[in-house]
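Trainee: Please take a close look at the salt bridges in this model, and then set them against the other features of the chain.

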Amino acid sequence: MAKYVDAGNADLEAEDYRAPTGVRVTEKVADAAVEKALRSGRAGRPSLSRPGKVSPTVNARVSVATKRELQRLAKERGVKESVLVREAVEAVVSGRRRR
């Protein structure tokens with residue numbers, strides 16, 4: 001099953017659509033979300049650095065087995081793979097600081 005489904009012209013008042021938070025998506029909720037996204041002027045997650053600043057990225061290559069396990073763990077925890085990678089990097093860096 002696809003992660004995202006094109007609902008076409010959904011009748012948000014007649015159908016029961018839920019946000020990941022569990023909140024029912026109505027026309028009012030959808031309009032507010034669109035307005036907020038348009039005001040932010042950018043797509044994606046909020047900055048990890050500070051508001052208005054782009055967070056740096058890190059790229060790494062891993063084995064096929066590691067990638068599959070990362071996907072499995074992310075799905076099991078209900079988070080994106082990037083969340084797990086960020087947690088792992090932060091754990092290594094913070095552990096190094098304590099030495």
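Mentor: What follows starts with the basis of the model, then turns to the salt bridges and ends with their surroundings.

This is a predicted model, in which local features need pLDDT of at least 70 and side-chain atom pairs count only at pLDDT 80 or more, while totals for chains, interfaces and linings use all residues. Residues are numbered from 1 along each chain as its sequence is written, and side-chain values use heavy atoms, with hydrogens and water left out.

The protein chain has three helices and zero strands, helices being DSSP runs of H or I with at least four residues and strands runs of E with at least two, numbered from the N terminus. Read from the N terminus, its elements follow the order α-α-α. Of the 99 residues in the protein chain, 7% are buried, where buried means under 20% relative accessible area, exposed over 50% and partly exposed in between, with a 1.4 Å probe and protein chains only.

The structure holds six salt bridges, each defined as a side-chain nitrogen of Lys or Arg within 4 Å of a carboxyl oxygen of Asp or Glu. In one of them, the side chain of Asp 16 meets that of Arg 18 at 2.9 Å, N to O. Asp 16 counts as partly exposed because its relative accessible area is 48%. Asp 16 also forms a salt bridge with Arg 24, whose closest N and O atoms are 3.5 Å from those of its partner, and Arg 24 is itself partly exposed, with a relative accessible area of 27%. Another of the bridges brings together the side chains of Lys 67 and Glu 81, at 2.5 Å from N to O. This pair links distant parts of the chain, since Lys 67 belongs to helix H2 and Glu 81 to helix H3 (residues 81-97), with their positions 14 residues apart. Lys 67 has 33% relative accessibility and so counts as partly exposed, and Glu 81 is likewise partly exposed, at 24%. Returning to the earlier residues, salt bridges that share partners join Asp 16, Arg 18 and Arg 24 into one network.

Charges that take no part in a salt bridge can still gather on the surface. A patch is made of residues with over 30% relative accessible area and no salt bridge, like charges being joined within 9 Å and nonpolar side chains (Val, Leu, Ile, Met, Phe, Trp, Tyr) within 5 Å. Lys and Arg count as positive and Asp and Glu as negative, whereas His and the chain ends are not counted; the place of a charge is NZ of Lys, CZ of Arg, CG of Asp or CD of Glu. On these terms Asp 11, Glu 13, Glu 15, Glu 27, Asp 31 and Glu 35 form a negative surface patch. Among its members, Asp 31 lies in helix H1 (residues 27-40) and is partly exposed at 47% relative accessibility.

Helix H3 offers further surroundings to consider. Val 85, a residue of helix H3, joins Val 89 and Val 93 in a nonpolar surface patch with about 210 Å² of accessible area together, areas being calculated by the Shrake-Rupley method with a 1.4 Å probe and, for residues, only the protein chains shown as cover. At 41% relative accessibility, Val 85 is partly exposed. Ser 82 also lies in helix H3, and its C-alpha atom is 9.4 Å from that of Leu 70, which is 12 residues away along the chain.

Finally, Ser 55 lies in the loop between H1 and helix H2 (64-77), and it is buried because its relative accessible area is 18%.
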